[in-house]
Amino acid sequence: MPGGARISFNCVDSSLSSLKNCQSYINTGMDIATHVALDLVESFNDVEDVDSMENVMLEYAAMDRELNHYMRAIEETVNQMLVPYCVAAASV
């Protein structure tokens, strides 16, 4: 696109990559919380302890869901912004 505006999404791509790393940390946290909850159930611990771990697991699930929605929204927004530039470049 000679003379046209160029948009660089390198920073956005980098941020999305970092968010995907965060997602792996969330998954690891969920795995750990699940194992701890199972250990608590197997050792016949207090119901309050098991409920507490269940709440932690629900929080991890909510974080994972929200992060997925956020990343998908960013990707869709970037794609929508790129479409006019791809069409213009193809017509040159």
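Let's start with arginine 72, which is partly exposed at a relative accessible area of 43%. Here, buried means under 20% relative accessible area, exposed means over 50%, and partly exposed is in between (1.4 Å probe, protein chains only). You'll find arginine 72 in helix H2. Helices (H or I, at least four residues) are DSSP runs, numbered from the N terminus.

Before going on, keep in mind that this is a predicted model, where local features need pLDDT of at least 70, side-chain atom pairs count only at pLDDT 80 or more, and totals for chains, interfaces and linings use all residues. Residues are numbered from 1 along each chain as its sequence is written, and side-chain values use heavy atoms, with hydrogens and water left out.

Now for helix H1. It has 33 residues and reaches 48 Å from its first C-alpha to its last, close to the 48 Å expected at 1.5 Å a residue. That expected span is 1.5 Å times one less than the number of residues in the helix. Several residues of H1 are buried, including Leu16, Leu19, Gln23 and Ile26. An α-helix has 3.6 residues a turn, so residues three or four places apart point the same way. Alanine 33 also sits in H1, and it is buried because its relative accessible area is 3%. Threonine 28, on the other hand, lies in H1 and is partly exposed at 42%.

Some residues sit far along the sequence from their partners, so here are three pairs with their C-alpha to C-alpha distances.

| Pair | Apart in sequence | Apart in space |
|---|---|---|
| Threonine 28 and tyrosine 60 | 32 residues | 9.7 Å |
| Arginine 72 and leucine 16 | 56 residues | 9.7 Å |
| Alanine 33 and glutamate 54 | 21 residues | 8.1 Å |What about salt bridges? A salt bridge is a side-chain nitrogen of Lys or Arg within 4 Å of a carboxyl oxygen of Asp or Glu, and by this rule the count comes to one. Its partners are lysine 20 and glutamate 75, with the closest N and O atoms 3.7 Å apart. Because lysine 20 lies in helix H1 and glutamate 75 in helix H2, the pair ties together parts that are 55 residues apart in sequence. Lysine 20 is partly exposed at 45%, and glutamate 75 is partly exposed too, at 31%.

Next comes the stretch after H1. Just after that helix, phenylalanine 44 takes a positive phi of about 55°. Aspartate 46 lies in the loop between helix H1 (10-42) and helix H2 (47-90), and its 46% relative accessibility makes it partly exposed.

Aspartate 46 also belongs to a negative surface patch, together with Glu48, Asp49, Asp51 and Glu54. Patches are made of residues with over 30% relative accessible area and no salt bridge, with like charges joined within 9 Å and nonpolar side chains (Val, Leu, Ile, Met, Phe, Trp, Tyr) within 5 Å.

Notes:
Accessible areas come from the Shrake-Rupley method with a 1.4 Å probe; for residues, only the protein chains shown count as cover. A salt bridge is a side-chain nitrogen of Lys or Arg within 4 Å of a carboxyl oxygen of Asp or Glu. Lys and Arg count as positive and Asp and Glu as negative; His and the chain ends are not counted. The place of a charge is taken as NZ of Lys, CZ of Arg, CG of Asp or CD of Glu. Helices (H or I, at least four residues) and strands (E, at least two) are DSSP runs, numbered from the N terminus.
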